[in-house]
Each structure stands twice: as C-alpha cells, then as structure tokens.
Amino acid sequence: MNNSENINYELEKNMEVISQLDGFVNNAVETILVDPDECWQPSDFLPDMGQPDAFDEVKKLQERAAGIPDTIITSLIGNMITEEALPSYQTYFNLLEGINVEGSLLSNSGWVRWSKAWTAEENRHGDLLNKYLYLSARADMKKVEQTIHRLIYNGFDPKSEKDPYQAMIYTSFQERATKISHVNTGKLADKAGDDVLSRICKTIAGDEARHEKAYKSFMSQIFEIDPNGAILAFEKMMRKQIVMPAVLMCKVSSNPTLFDQFSAITQKIGVYTGWDYARIIEHLVKLWDIQNLTGLNDVASKAQDYLAHLSDRYMRLADRMKAPDEISLAWLK
C-alpha cells in the first residue's frame with residue numbers, strides 16, 4: 001500500500017468511527033451546550049443604551065478601562081480578534097471528512113448540530129469583547145476591524161489534513177488554551193480595577209471550559225474505539241505543533257507579523273505562555289492515559305513513547321525562553 005492509499009484508508013476508517021459517535025455528539029449538544037433562550041448574551045454585561053442613565057454607565061465603563069495597562073488591552077484585543085473569525089472555524093469543521101456527509105447545514109446529524117450550536121455560543125464572545133472595546137475608547141477600532149477582516153479574508157488552516165481525529169485533538173488543545181488566555185486576562189483586569197471586564201473574561205472562559213470538556217470527551221471515545229488511530233493522530237498534531245487560530249491576522253510578508261507581536265505580549269504579561277503550552281500537553285496525555293494504553297501496534301507504540309515525554313521537553317524549552325524585553329503594541333489609539 002503506497003502512502004496515498006494508506007492516507008485514504010486511514011481517513012475512511014476514521015470516518016467510520018466518527019459516524020459511530022453521532023449519537024454521543026447529539027447528547028453533548030443537549031447536555032453540554034446551552035439553549036439560546038437560556039444563554040447569557042453580550043447585552044447582559046454592557047450599558048443598556050435605551051436607558052436614561054446609559055451615557056453615565058458608559059462613562060463609568062471608560063473610567064474603569066482607563067486604568068488598564070496598554071499591554072492588557074492589546075492582549076484583550078488579540079483575544080477578541082481570534083474569537084471574531086468564527087466563519088472560518090465553522091467552515092473548517094464542516095469540511096472535515098465524515099462530519100457533514102450530507103453537505104447540508106440543516107442536517108439533523110449530531111456532528112452538524114454540534115458545529116452550529118458550538119459556533120453559535122462562541123459567536124457571543126467576539127460580540128461582547130468587540131462592544132466592550134468600542135465603548136471603552138481604548139482601541140483604534142478601525143485598525144481592529146481591518147485586522148478582523150484580514151483574518152477572515154486569509155482563512156484558517158490548523159494543518160489537520162481534513163482528518164477528524166486530528167481536528168478533535170486540535171480543538172481539545174485550543175479550547176483549553178483559549179480558556180487559559182481568558183482566565184488570565186480576567187485576573188489582570190481585576191488587578192487593574194475593572195471588575196466588570198474581569199467578569200466578562202471569566203464568563204467567556206466558562207464557555208470555553210464547557211467546549212473543552214466536550215471535545216476531550218469526543219476524543220476519549222475515539223481512543224476507546226480506535227486507540228492506534230487516536231494516538232497516531234495525537235502524535236501528528238504535536239509534531240506539527242498547534243497553530244493558534246489567529247496566526248493569519250495580517251499580511252504574511254510583515255516581519256515581525258502582527259500575530260508575533262500579540263504572542264510576545266501574551267508571553268510577557270503571562271496571559272498565555274510556553275509553560276501553558278507544555279502543561280496542556282501534559283494534561284491531555286494524562287487525561288487520555290497515553291502511557292498506559294495497551295495492545296498498540298509498533299508504530300503507535302513509538303508514538304506513545306514520544307507523547308509520554310513531550311511535555312517535559314516543552315517545559316524545558318519554556319524554562320529557557322525569556323520574556324521579550326521590548327514589545328510593540330498594536331491596535332491602540
């Protein structure tokens with residue numbers, strides 16, 4: 001069997017497993033996600049512009065936001081831009097092999113229902129942070145909007161090769177990373193005196209935690225059904241490294257890129273660091289009990305050994321990584 005035939009065989013096998021999980025995913029839609037009529041909405045956290053005291057409330061919001069350091073505002077903007085690229089994420093999910101077999105967004109399959117309900121919940125995150133930043137008067141919204149436009153224009157490629165297994169690894173990792181980023185931003189906002197922004201960030205992080213739980217449970221099921229395929233998908237994603245969703249937020253020719261600047265800031269202020277990357281790997285390896293999987297073939301056993309020691313390798317890299325002395329701030333007035 002040549003490489004192309006092997007890839008096709010693996011995808012076909014993976015699609016069969018994915019189809020077996022449709023009922024499990026349907027249940028996740030009902031039990032992990034929240035009905036739209038019961039979900040929080042951005043307006044719950046922002047001044048009601050229809051009320052007589054609306055402009056007084058906006059002034060209070062701006063007074064709180066004025067005390068937040070530029071680095072935190074820049075990090076917040078980067079987080080928001082990442083959330084705003086949802087059209088790319090839903091498109092990506094529905095292009096995975098075996099996810100939307102009917103090619104219809106009106107399908108009643110569990111996977112299609114999940115993709116719609118998940119992105120519907122995620123959509124509120126960008127809306128809320130965007131409106132907060134607009135009202136705060138701390139951001140150059142034209143530059144922010146241009147960056148959002150550019151990110152959606154450029155698209156999104158997590159390098160999962162249309163493989164649903166690799167995609168579930170990616171989303172398990174990425175939802176946890178996003179949760180960490182929002183939690184840490186909320187803590188910094190609280191220290192800076194903006195308790196409302198802190199609550200906003202922590203609420204968004206709560207959503208990300210539920211989504212992380214779901215994706216990890218999907219992958220846990222895959223490990224039970226097809227441990228060899230699951231562990232090889234895990235290894236593939238880790239060898240390629242997890243590409244952050246907002247990596248294409250600017251023209252690729254710029255050096256350093258806008259994304260590089262954003263990443264340097266999150267590293268410097270502790271919003272998302274190399275240690276976080278290592279700890280996420282460690283968490284997933286323990287969760288899926290990688291070291292104790294049995295009955296693996298030779299190739300999967302090698303992947304098992306690689307994954308078992310991977311977090312230590314990244315932790316050593318993080319220990320040697322220095323926070324940048326100088327950082328460039330973007331998107332500010």
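## Worked exercises on a predicted model

W331 sits in the segment that follows α14 (310-320). The model is a predicted one, so please treat the exercises below in that light.

### Exercise 1: Two residues with positive phi

Describe the backbone, place and burial of W331 and Q241.

**Solution.** Start with the backbone. W331 is not a glycine, yet its phi is positive, about 70°. For Q241, also a residue other than glycine, phi is near 70°.

Next, the location. W331 belongs to the segment after α14, while Q241 is in the loop between α10 and α11 (258-269).

Finally, burial. The cut-off for buried is under 20% relative accessible area, and partly exposed runs from there up to 50%. With 4%, W331 is therefore buried. Q241, at 40%, is therefore partly exposed.

### Exercise 2: The crossing of α8 and α10

Work out how α8 and α10 are oriented, and which residues bring them into contact.

**Solution.** Take the geometry to begin with. The axes of α8 (residues 164-191) and α10 (residues 227-240) come within 8 Å, with a crossing angle of roughly 60°. Angles of 65 to 115 degrees would count as roughly perpendicular and those under 35 as roughly parallel, so this pair is oblique. The handedness of the α8 and α10 crossing is right-handed.

Now the residues. From α8, the contact uses Y165, Q166, I169, Y170 and F173; from α10, it uses G229, A230, A233, F234, K236, M237, M238 and K240. Sorted by class, the contact of α8 with α10 has nine nonpolar, two polar and two charged residues.

A related residue is L284, which lies in helix α12 (residues 274-287). Beyond its neighbours within four places in sequence, L284 touches S172, F173, K216 and F234. F173 and F234 also take part in the contact between α8 and α10. L284 has a relative accessible area of 0%, and is therefore buried.

### Exercise 3: α5 and its surroundings

Find which residues of α5 are buried, what covers them, and how α5 packs on α6.

**Solution.** Begin with burial. Within α5 (residues 86-95), the buried residues are L86, S88, Y89, Y92, F93 and N94. Their cover includes α4 (70-84), α6 (110-136), α7 (141-154), α8 and α9 (195-225).

Then turn to α6. The axes of α5 and α6 come within 10 Å and cross at roughly 165°. Because angles over 145 degrees count as roughly antiparallel, α5 is roughly antiparallel to α6. Their crossing is right-handed.

To finish, list the partners. α5 contributes L86, Y89, Q90, F93 and N94, and α6 contributes W111, V112, W114, S115, K116, W118, T119, E122 and N123. The classes in the contact of α5 with α6 are seven nonpolar, five polar and two charged. L86, Y89, F93 and N94 are in the contact with α6 and are buried as well.

### Exercise 4: Cysteines without a disulfide

Determine how many disulfides the structure holds, and why C39 does not form one.

**Solution.** Count first: the structure holds zero disulfides. For C39, the closest cysteine sulfur is in C201, 18 Å away, which is too far for a bond. The cut-off would be 2.5 Å between the sulfur atoms.

Then check burial. C39 has 13% relative accessibility and so counts as buried. C250 is buried too, with a relative accessible area of 11%.

Note on methods
Residues are numbered from 1 along each chain as its sequence is written. This is a predicted model: local features need pLDDT of at least 70, side-chain atom pairs count only at pLDDT 80 or more; totals for chains, interfaces and linings use all residues. Side-chain values use heavy atoms; hydrogens and water are left out. Buried means under 20% relative accessible area, exposed over 50%, partly exposed in between (1.4 Å probe, protein chains only). Axes are lines fitted to C-alpha atoms, for helices over the stretch in contact, and angles run from 0 to 180 degrees between N-to-C directions. Helices (H or I, at least four residues) and strands (E, at least two) are DSSP runs, numbered from the N terminus. A crossing is left-handed if the near helix is turned anticlockwise from the far one by less than a right angle, and right-handed if clockwise. Contact means heavy atoms within 4.5 Å. Ala, Val, Leu, Ile, Met, Phe, Trp, Tyr, Cys and Pro count as nonpolar, Asp, Glu, Lys and Arg as charged, and the others, Gly among them, as polar.
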